[in-house]
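Here are some notes to read alongside the structure, written for someone meeting it for the first time. Please keep the model open and follow each point in turn.

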Amino acid sequence: MRVLRYLLIFIIATFIYAEDINKLKAEIIENISMLYIKKYPIYIFINSNYFNKTKKYLQKNYYFKMVNNCDKANICFVDNYPKNIKGKTIFLTSYFSYLKHKNAAGAFFWQKGRPTIIFNKHFIITHHIKIPKEYEDFVE
Amino acid sequence: MNLKAYLKKTILNFFIIITIIFVLIFILLKTFENEFYKEIANIEIAHAFNLVYKIRQIINSKEKEKNRLLNYLISNDVKYIYVIKKFKNKLRYIYDGSPLSQRAIYLQPFEPVNKKLWQKLFISKSPVFETNKKANGIWITFLYPILKQNKIDKIIVIDISLEAYNKFKNLLHLFNKLFLIISIIVFSIIILMNFFMFRLYKEQFESFIDPLTKTFNRKIFETIEKENLQNDIVAIFDIDNFKKINDTYGHNAGDIVLKQLVNIIKKNIRDYDYLIRYGGEEFVLLLKRLNKKYAVKKIEQIFEAVRKTSIDIGNQKINITISGGVHLEPHKEKNLLEAIKKADQELYLAKKNGKNKFYIYSESIDNKIFNLNDIIESIEKGNVTIYLQPILNIKTNKIEKFEALARIYHNNKIYLPCNFINEIKKTNVYRNFTYIILDLVFNCITHLQKEISINFFAEDFYDEKFINIIEEKAQKYNNVLNYLTIEILENEKIENIKELSEHLNKLREKNIKISIDDFGSDYSNLNYLIYIKPDYIKIDSSIVKFVKNEESQKIIKSIVLLAKEFKATTIAEFVEDKESLEILKTLKVDYIQGYYISKPLPLNEIKKIYLKNSITA
């Protein structure tokens with residue numbers, strides 16, 4: 001976990017030097033997924049204009065499988081909160097959507113050329129997810 | 001230095017200079033580029049400061065749609081404008097003038113990426129900025145703190161677009177391209193100038209080259225005359241018997257010999273040494289920056305290479321030899337030509353003393369030729385003496401005669417006549433020198449009462465007055481002429497042998513004996529036996545030296561027979577060992593002389609050794 005934590009900080013801190021932003025976005029998705037899902041492979045569903053181009057990078061990773069809908073997925077990164085879905089780990093791609101859906105696990109989106117990550121405190125507590133101290137700045 | 005070496009040196013220098021120029025240009029451009037970006041970044045920061053005033057006005061106003069008003073400040077250069085506030089240690093957006101797609105909502109959390117910059121802001125409580133060329137569309141992030149009761153209340157964030165950077169970057173690229181084009185033009189001009197300079201140099205260079213041998217000609221002295229000769233060595237060479245090669249094999253063969261000699265010498269010298277054709281078959285070699293000891297070895301090496309190499313002249317191969325004179329300290333002379341002149345004197349001696357050798361001129365070497373003034377000074381001071389070399393009668397085994405050999409003292413060194421006699425010949429000094437020698441010889445005769453021979457040139461007796469001088473000098477002594485033998489030296493062909501014969505007969509009338517020196521060598525002529533009618537024939541050292549060879553023995557045998565026919569006594573000089581003595585005994589030579597019997601000694605020592613032992617060998 002410590003490795004993952006440092007990796008996340010390193011990735012965020014150095015993102016501005018990365019030439020391929022989509023690759024960087026994919027790496028952040030991988031790190032968030034590994035924090036929330038403790039089994040492999042992790043099934044990911046992405047339905048967002050922000051992250052559509054990250055799929056090609058995620059597909060290359062052996063531990064991640066891309067799925068077509070939220071039902072089959074362990075974790076979803078979507079613009080709008082899916083209907084009739086309960087108990088899933090959903091990350092929304094805008095702060096506005098996140099504020100509307102209290103059941104969402106958090107938000108991850110790209111704004112002004114920078115990443116914004118928010119971890120839902122209520123979700124973390126109810127799902128017994130351990131967030132490292134270093135990540136506590138992202139929790140609200 | 002040859003053309004190839006010059007080319008090599010020039011091209012190398014040229015490339016070094018060009019490389020240095022380009023490295024300097026690159027450093028200059030990079031420095032300029034950095035300074036340029038710093039300057040335009042400063043302009044953008046100044047622009048951001050101007051915006052801060054307007055932003056503060058907006059956020060302090062009572063307007064409801066502050067985000068929309070902030071958005072009006074967005075331009076091509078300014079990408080995002082937003083205001084951040086700290087709530088319970090968490091940074092949140094309070095205003096955002098960014099375009100709608102990128103606009104954050106009120107109290108949306110803000111997580112700074114460049115944390116160090118934000119820390120710096122909170123510590124300094126003053127505006128900070130950071131430039132980053134690779135940011136996602138952002139070049140400069142500018143943070144301006146709004147203070148309330150000396151605490152940071154809000155932070156204005158202005159992101160300057162990368163487009164502003166690229167705008168200047170394109171301008172800089174244009175400038176770089178322009179600079180590159182100018183550099184290429186300048187570079188081309190330099191190359192062109194070099195090319196023309198090289199052509200000019202080549203033309204000038206070719207005027208210094210001898211067309212036949214491709215060595216330098218005498219014109220090169222105008223250039224090298226100015227060079228520092230410290231640590232240089234100058235030598236002059238001459239092909240032995242070159243006229244004979246031309247006469248025997250033709251002038252084409254002569255040309256081939258000259259070219260081949262140059263090839264041999266060039267193989268043994270360095271690129272920056274000068275080989276100059278000084279005259280027909282005469283070459284001057286200027287060895288640059290060479291240790292004296294090594295220089296002598298180098299000259300020996302050249303001589304050896306010439307001796308060993310057979311030259312193909314078309315139909316056959318011939319071997320040549322060279323003679324040379326070397327000056328080890330040319331810098332001590334007035335100029336290079338003066339040094340060559342000194343080396344040339346040594347060449348003359350080398351030629352005279354048998355060729356195929358080189359002599360070295362140096363003040364530090366004993367065989368230095370001193371000038372006429374030194375000789376006059378030494379003679380006037382009476383620094384002249386004679387040494388006597390015993391001559392042994394083989395039959396009686398007794399020392400019966402001596403040969404007188406002149407010596408001059410100068411600066412605590414002894415000099416042989418061969419070192420200076422040519423300098424003083426045909427001068428009054430020579431006459432004075434003769435007076436002194438005759439006095440010394442007559443003095444020795446008086447002491448020893450033995451026959452003593454003395455060398456004179458045949459040409460000395462062309463003048464009848466010379467005989468009178470001998471007679472005048474003898475008058476002071478008692479009965480000395482009976483013991484005197486005149487050895488006739490021939491350094492050139494005797495032109496008027498009849499006249500000489502008449503003068504020598506006058507000497508004979510006064511009981512003076514006549515000897516022919518070096519019989520069998522260069523100018524010896526059999527008819528001298530008829531006209532000179534010698535009492536003694538001195539067999540030349542070049543024959544006696546090889547007495548162990550059958551051929552030499554045949555010659556000596558013939559000379560002995562010939563001498564008997566003319567009632568002359570034979571003397572063999574240069575006897576250096578017992579074996580030679582024994583052979584000469586069997587060949588019936590009458591007298592012998594040489595280091596085996598004794599080296600030349602002063603009168604005092606002769607008296608001590610030979611008078612005590614009744615002059616027995």
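1. This is a predicted model, and one place to begin is helix α3 (residues 115-124) of chain B, which lies across β3, β4 and β5 (151-161) of chain B and runs at about 160° to β3(B).

2. The strands beneath that helix belong to an open sheet of 5 strands in chain B, arranged in the order β2-β1-β5-β4-β3 with antiparallel pairing. Its edge strands are β2 (90-96) and β3 (128-131) of chain B, each of which pairs on one side only. From one strand to the next, the twist averages 25°.

3. At one side of this sheet, β3(B) is joined by 4 bridges to strand β4 (residues 138-148) of chain B, and the two run antiparallel. To find this pairing in the model, you could look for Glu130(B), whose bridge partner in β4(B) is Thr141(B).

4. A second group of strands deserves attention, and strand β8 (residues 282-287) of chain B is the one to look for. How many of the 6 residues of β8(B) are buried? The count is 5, so β8(B) is largely enclosed by the rest of the structure. For the chain as a whole, buried residues make up 31% of the 617 residues in chain B.

5. The partners of β8(B) can be traced one by one. Strand β6 (residues 233-239) of chain B is joined to β8(B) by 6 bridges, while strand β7 (residues 274-277) of chain B is joined to β8(B) by 4 bridges; β6(B) runs antiparallel to β8(B), and β7(B) does so too. Leu286(B) is a useful residue to select here, since it is the bridge partner of Val234(B) and also stands opposite Tyr274(B). Between β7(B) and β8(B), the connection is a hairpin through 4 residues.

6. How do the two helices α6 (residues 242-249) and α7 (residues 251-267) of chain B meet, and at roughly what angle do they cross? Their axes come within 6 Å and cross at roughly 135°, and α6(B) and α7(B) are therefore oblique to each other. On the α6(B) side the contact is made by Phe242(B), Ile245(B), Asn246(B) and Tyr249(B), and on the α7(B) side by His251(B), Ala253(B), Gly254(B) and Val257(B). Sorted by class, this contact has 5 nonpolar, 3 polar and no charged residues.

7. Finally, for the wider setting, chain B has 19 helices and 21 strands. Of the contacts in chain B with a separation of 6 or more, 61% are between residues 24 or more positions apart.

Definitions and conventions
Residues numbered from 1 in each chain as written. Chains lettered and ligands numbered in written order. Predicted model: local features only at pLDDT ≥ 70, side-chain atom pairs only at ≥ 80, totals over all residues. Pairing = 2+ DSSP bridges. Axes fitted to C-alpha atoms, helices over the stretch in contact; angles between N-to-C directions. Contact = placed C-beta atoms within 7 Å. Parallel < 35°, antiparallel > 145°, perpendicular 65-115°, else oblique. Nonpolar A, V, L, I, M, F, W, Y, C, P; charged D, E, K, R; others polar. Buried ≥ 20, exposed ≤ 12 C-beta atoms within 10 Å, placed from the backbone.
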